[in-house]
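This report covers surface patches and cysteines. The entry is shown first.

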Amino acid sequence: MKEDRNGHIFQPPLHSDFSGEVEAALERYDFNDLQKIIRRLCAPDGCPWDRIQTHETLISCLRDETEEAAQAIENGDMENLCEELGDVLLLVLMHSEIARKRGTFTLADVIQGISEKMIRRHPHVFGDARADTLEESLLLWKEIKKQEKAQKERQNTGERPKSLDKPGCSEYK
């Protein structure tokens, strides 16, 4: 038995390849270990609760854990914030695993999408645009987001942007 940072007694988890053979407990788990843990929990022989979760059944959990993280920030409780961010991360991984099993998207898709978005919305960092003040960077962010929303709406309606008919238009390639 061991004590956690709050003085609670617990049985440390045993490390395995998450498919059977158990080894000594790890000193520190990494992101790949966490992904394996979630896959194992959601596997047919995993945890009954985790196996039956859907995007819809996890909505209240996502709201609750996000609110708890916000409360930890408001309270200046960094120890609790660390725990609550772990819970939020767990839910990101759970939703990604549910989607992977359904064939809709993977965690790699989530990471790719957010990476592309951050680079696209920060041309003042990753490109040639200028934003020297907070106000300029927020204005740039809002304008890019507005353009993305308009483009997504056009894609959803099947409308072809008129600008595609103009020679030299590279923003829609």
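## Basis

Helices are DSSP runs of H or I with at least four residues, numbered from the N terminus. This is a predicted model, in which local features need pLDDT of at least 70 and side-chain atom pairs count only at pLDDT 80 or more, while totals for chains, interfaces and linings use all residues. Residues are numbered from 1 along each chain as its sequence is written, and side-chain values use heavy atoms, with hydrogens and water left out.

## Negative patch

Patches consist of residues with over 30% relative accessible area and no salt bridge; like charges are joined within 9 Å, and nonpolar side chains (Val, Leu, Ile, Met, Phe, Trp, Tyr) within 5 Å. A salt bridge is a side-chain nitrogen of Lys or Arg within 4 Å of a carboxyl oxygen of Asp or Glu.

Asp 64, Glu 67, Glu 68, Glu 74 and Glu 83 make up a negative patch on the surface. Helix α3 (residues 59–74) contributes the most, four residues. Glu 68 belongs to helix α3 and is partly exposed at 31% relative accessible area (partly exposed lies between buried, under 20%, and exposed, over 50%; 1.4 Å probe, protein chains only).

## Nonpolar patch

A nonpolar surface patch comprises Phe 31, Leu 89, Val 92, Phe 105, Val 110 and Ile 111, together offering about 420 Å² of accessible area (Shrake-Rupley method, 1.4 Å probe). Helices α4 (78–102) and α5 (107–120) each provide at least two of its residues. Ile 111 sits in helix α5 and is partly exposed, with 41% relative accessibility.

## Cysteines

There are zero disulfides (cysteine sulfur pairs within 2.5 Å) in the structure. Cys 47 is in none, and the nearest cysteine sulfur, that of Cys 42, is 8.6 Å away. Cys 47 is partly exposed, at 26% relative accessibility.

Terms used: Lys and Arg count as positive and Asp and Glu as negative; His and the chain ends are not counted. The place of a charge is taken as NZ of Lys, CZ of Arg, CG of Asp or CD of Glu.
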